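Visitor: I am new to this structure and would like a close look at a single part of it. Please choose one residue to start from, and then lead me outward from there, step by step.

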Amino acid sequence: MTLSPVERALGPLDRVRHALLRATGPWLAPLWRDRGLRVTVLGLGSVAVALALAARFPLWLLTVGPLVLGVPHLVGDARYGVVRQGLARRGDVLAAVLVPMVLATVLGRLDVSMAAFVAMALVARGPWRRRAAVALGGVALAALAWRHAALGAKVFGHGHHVVALGLWVWWAQGIRRGRWLVLAASALGTAALLGGALDGPLLHDLRPPGPGLDAHTLADSLAFVSPWQSPMGALRQLACFAFLQAVHYAVWLRLIPEEDRARTAPRPFVSSWRALVDDLGAPLVLGALALTAAFALAALVALASARDAYLRLALGHGALELAVVALAWMEQRPLCTRAPG
């Protein structure tokens, strides 16, 4: 078999991985054999890292996190939310998702992305009562986002991070085998940030990563409390957003992939790359890598502008995630595919 340049580059990592597995096998074997245990450990580790970064470097986490992990997490949306669900073969569903997303990105309008719910309800194969409920919900969300654009963006931004955890539970087919610990840790982390238990680390260093990325500016766009009225309350909500956003990325990049894979044990790096290319195609995967690199290079020149460009690109992705969930609910089918690879 002829190896691609990417596979050749990943080969040494697999050799290191194999050596580590042999050296740590007696102690870490349960993690490789038991999906539930491994997902719980990965989830708790992700929550712990996200909380530490949000409490100590919230401005950097809010700025650099989307530029490094944003595009890969959008790829996860497309892979697990669309391709693995078999929706790529349904032209009406693709149109229902893509048209509102593209329009929302071009126009910069969150309310436009909510049209995906109504469109999904029209093309879904399910009971009319469920379809009507989703359509009415989409209209209500669109009305909120149109009538109260700033408030709607904040509600949807914070809310879709929390929804990601619920979506993972659905993917895992219930809270079991210790997965509830991840949900509990996420709730405790949120409470600690909002309740002021981590104010000390939060106030330690608030130097902005770049112009236009100071705590006041970011809090004004993300917090429900005005930074003028309650500086500490706004900062706590900003840190909470950073924390849950990082957890959201972990859900799509680590937890859902672990749940959705048929293979119980983790895959080698080369196998993971091949499975990704098989699912999405080499052009899309390479394009995503190029886009991530482009955002990184742009950040070196103008950090705030690069972050704004990513957020504009990702404007409709939250509606995509929820619309895919709504479609599965309307059609009364599970999200988890456990497809080979």
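Guide: Let us start from Asp-260, which is buried, with a relative accessible area of 0%; buried means under 20% relative accessible area, exposed means over 50%, and partly exposed lies in between, with a 1.4 Å probe and protein chains only. Before going further, please keep in mind that this is a predicted model, in which local features need pLDDT of at least 70 and side-chain atom pairs count only at pLDDT 80 or more, while totals for chains, interfaces and linings use all residues. Residues are numbered from 1 along each chain as its sequence is written, and side-chain values use heavy atoms, with hydrogens and water left out.

Asp-260 has a charged partner, for it forms a salt bridge with Arg-84 in which the closest N and O atoms are 3.4 Å apart; the term stands for a side-chain nitrogen of Lys or Arg within 4 Å of a carboxyl oxygen of Asp or Glu. Arg-84 lies in the loop between H3 and helix H4 (91–107), whereas Asp-260 belongs to helix H12, so the pair ties together parts that are 176 residues apart in sequence. Helices here are DSSP runs of H or I with at least four residues, numbered from the N terminus. Arg-84 is buried as well, with a relative accessible area of 10%.

In the loop between H3 and H4 we also find Arg-90, whose partner Glu-331 is in helix H16, so this second pair ties together parts that are 241 residues apart in sequence. The salt bridge of Arg-90 and Glu-331 has its closest N and O atoms 2.8 Å apart, and both residues are buried. Just past that helix comes Gln-332, in the segment after helix H16 (317–331); Gln-332 is exposed, with a relative accessible area of 55%, and it has a positive phi of about 55° although it is not a glycine.

Returning to charged side chains, Glu-258 and Arg-261 meet in a salt bridge of 2.9 Å, N to O. Glu-258 counts as buried at 2% relative accessibility, and Arg-261 counts as buried at 6%. Salt bridges that share partners join these two residues with Arg-38 and Arg-254 into one network. A search of the whole structure finds 12 salt bridges.

Next come the nonpolar residues. The largest nonpolar core has 89 residues, and those touching the most other members are Trp-168, Trp-171, Phe-243, Val-251, Ile-256 and Tyr-310. Its largest share, 16 residues, comes from helix H12 (residues 231–260). Such a core is a set of buried Ala, Val, Leu, Ile, Met, Phe, Trp, Tyr and Cys residues joined through side-chain atoms within 4.5 Å. Leaving aside neighbours within four places in sequence, Ile-256 is in contact (heavy atoms within 4.5 Å) with Tyr-80, Leu-167, Trp-168, Trp-171 and Val-251.

Tyr-310 leads us to His-73, since the side chains of these two residues are joined by a polar contact of 3.5 Å. A polar contact is a pair of N or O atoms within 3.5 Å; within protein, one must be able to donate a hydrogen and the other to accept it, and residues adjacent in sequence count only if both atoms are side-chain atoms. His-73 is found in helix H3 and counts as buried at 1% relative accessibility. The His-73 side chain also reaches the backbone oxygen of Gly-70 at 3.0 Å. Not counting residues up to four places away in sequence, His-73 touches several others, including His-248, Trp-252, His-317 and Glu-321.

Helix H3 also brings us to the surface, where Val-49, Leu-53, Phe-57, Trp-60, Val-64, Val-68 and Leu-69 form a nonpolar patch with about 560 Å² of accessible area together. In such a patch, residues have over 30% relative accessible area and no salt bridge, with nonpolar side chains (Val, Leu, Ile, Met, Phe, Trp, Tyr) joined within 5 Å. Helix H2 (35–56) and helix H3 (58–83) each supply at least two of its residues, and H3 gives the most, with 4. One of the patch residues, Val-68, has its place in helix H3 and is partly exposed, with a relative accessible area of 46%.

Methods: Patches are made of residues with over 30% relative accessible area and no salt bridge: like charges are joined within 9 Å, nonpolar side chains (Val, Leu, Ile, Met, Phe, Trp, Tyr) within 5 Å. Accessible areas come from the Shrake-Rupley method with a 1.4 Å probe; for residues, only the protein chains shown count as cover.
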